[in-house]
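The following exercises concern strand order, helix packing and charged side-chain pairs. Each task is followed by a solution in steps.

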Amino acid sequence: MSYDLKSLVRPNIWRLAPYSSARNEYSGREAHVFLDANENPYNRPYNRYPDPLQHEVKERLAKLKAMPVEQIFLGNGSDEAIDLAYRCFCEPGIDNVVAIEPTYGMYRVCADINNVEYRTVLLDEHYAISATQLLAATDAHTKLIWLCSPNNPTGNSFDRNEMLSLIEAFDGIVIVDEAYGEFSAQKTLRHEIANHPNLIVLSTLSKAWGCAAIRLGMAFAQREIIDIFNKVKYPYNVNLLTQQQAIEILDNPYDVEKWVTMLLQERRRLMEAFQLLPICEKVFPTDANFFLARMTDAQAIYDYLVNRGIIVRNRSRISLCQNCLRVTIGTKNENNELLAALRQY
């Protein structure tokens, strides 16, 4: 690998002088009278702009994730970090990215929005990746390679050595989305960043942490990459309410451990029950809080469940997922209601 960050960043982004918010200008000094940001002095605390770099949230994350504060970016969901990767590294109409297929749909949507060619490499029959095939799809204008592990919608984690081989061989940026990582026994790649400057690892509070509503995503990377993301992001991209709720949930990690344990138990029970259903042909292995199941007639079964007020996801139109439903693990009562409905189909 011949890694050169400056050559990967869009020249206009490298030269960009970021917007300097009022809160950034006095950072590091104590203050109690704020007459700098044209805020209304009433209706505290909501009258004040939030911390633009979310220091308090990052300090908690640094302890929980064993990562330096300066190597953490926080965004409005992981989707902000996904979009920023295109805006920072990919020249519209010139550069391209490579991704696996099937995978999370926002990688392609953001590519289309940013006018960046999106190249796909099909997973094999076991939903596994090939570093060789992914590298073969790249060229001199490939800036990013996208991996989601555990993958959505297939649920499986990819071979760690295969991912590391790809990261080591590629001259551009490899982004590994670990949104479902807390449900997997596989060791996170986050701690490989020190040895691989071209690696970005995404995470979120939306899944295991039960905070999808507050929209807080994370990117972990070398400080130089985080600095570029912070330069391009909107000044106050994470609002005060989100930061407050994030601090509250991050102060209670044992609740999350309990939730994950219960969900893994329910995942095993639900998958075993699906395997006994006459209308289910195959249940695929998973490391996420969902699983993929091939059904006899996914569309008809999906429609039947909708009429019963039960919503799963029909993934039949996705590559390699013909006739498949993706089922998220719910509470024991929710899972029982799903099983009861399917047994009556």
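Contact here means heavy atoms within 4.5 Å. Axes are lines fitted to C-alpha atoms, for helices over the stretch in contact, and angles run from 0 to 180 degrees between N-to-C directions. The model is predicted.

**Exercise 1. Determine which strands helix H9 lies across, and its angle to E1. Then treat helix H5 likewise.**

Step 1. Helix H9 comprises residues 223–232 and lies across E1, E5, E6 and E7. Its direction makes an angle of about 30 degrees with E1.

Step 2. Helix H5, residues 77–89, lies across E1, E2, E3, E4, E5, E6 and E7. Relative to E1, helix H5 runs at about 110 degrees.

**Exercise 2. Establish the order of the strands in the open sheet and identify the edge strands.**

Step 1. The open sheet is formed by 7 strands, and reading across it gives E1-E7-E6-E5-E4-E2-E3. The pairing is mixed.

Step 2. Strand E1 (72–76) and strand E3 (117–122) each pair on one side only, and these are the edge strands.

Step 3. On average, neighbouring strands of this sheet are turned by 25 degrees against each other, direction ignored.

Step 4. For one pairing inside the sheet, take strand E5 (residues 173–177) and strand E6 (residues 199–204): they pair in the parallel sense over 4 bridges. Within this pairing, Ile175 stands opposite Ile200 in E6.

**Exercise 3. Describe how strand E9 is paired, and decide whether strand E9 is largely enclosed or not.**

Step 1. Strand E8 (residues 280–283) is joined to E9 by 3 bridges, and the two run antiparallel. The connection between E8 and E9 is a hairpin through 6 residues. Val283 has Ala293 in E9 as its bridge partner.

Step 2. E9 is also joined to strand E11 (residues 324–328), by 5 bridges and again antiparallel. Here Phe290 has Thr328 in E11 as its bridge partner.

Step 3. Strand E9 spans residues 290–295, and 5 of its 6 residues are buried, so the strand is largely enclosed by the rest of the structure.

**Exercise 4. State how many salt bridges a search of the whole structure finds, and analyse the pair Lys65 and Glu182.**

Step 1. The search finds 13 salt bridges.

Step 2. In one of them, the side chains of Lys65 and Glu182 meet at 3.4 Å, N to O. Lys65 belongs to helix H4 (residues 55–65) and Glu182 to the loop between E5 and E6, so the pair ties together parts that are 117 residues apart in sequence.

Step 3. To classify exposure, take under 20% relative accessible area as buried and over 50% as exposed, with partly exposed in between. Lys65 has 7% and is therefore buried, whereas Glu182 has 25% and is therefore partly exposed.

**Exercise 5. Examine the salt bridges of Arg215 and Arg119, and name the residues of a salt-bridge network that includes Arg60.**

Step 1. Arg215 pairs with Asp79, their closest N and O atoms being 3.9 Å apart. This pair links distant parts of the chain: Arg215 is in the loop between E6 and E7, Asp79 is in helix H5, and they are 136 residues apart.

Step 2. Both are partly exposed: Arg215 has a relative accessible area of 31% and Asp79 one of 22%.

Step 3. Arg119 forms a salt bridge with Glu117, with the closest N and O atoms 3.0 Å apart. Glu117 counts as partly exposed at 43% relative accessibility.

Step 4. The network of salt bridges links Glu56, Arg60 and Asp251.

Terms used: Residues numbered from 1 in each chain as written. Predicted model: local features only at pLDDT ≥ 70, side-chain atom pairs only at ≥ 80, totals over all residues. Heavy atoms only, no water. Pairing = 2+ DSSP bridges. Salt bridge = Lys/Arg side-chain N within 4 Å of Asp/Glu carboxyl O. Buried < 20%, exposed > 50% of the residue type's maximum accessible area, 1.4 Å probe, protein only.
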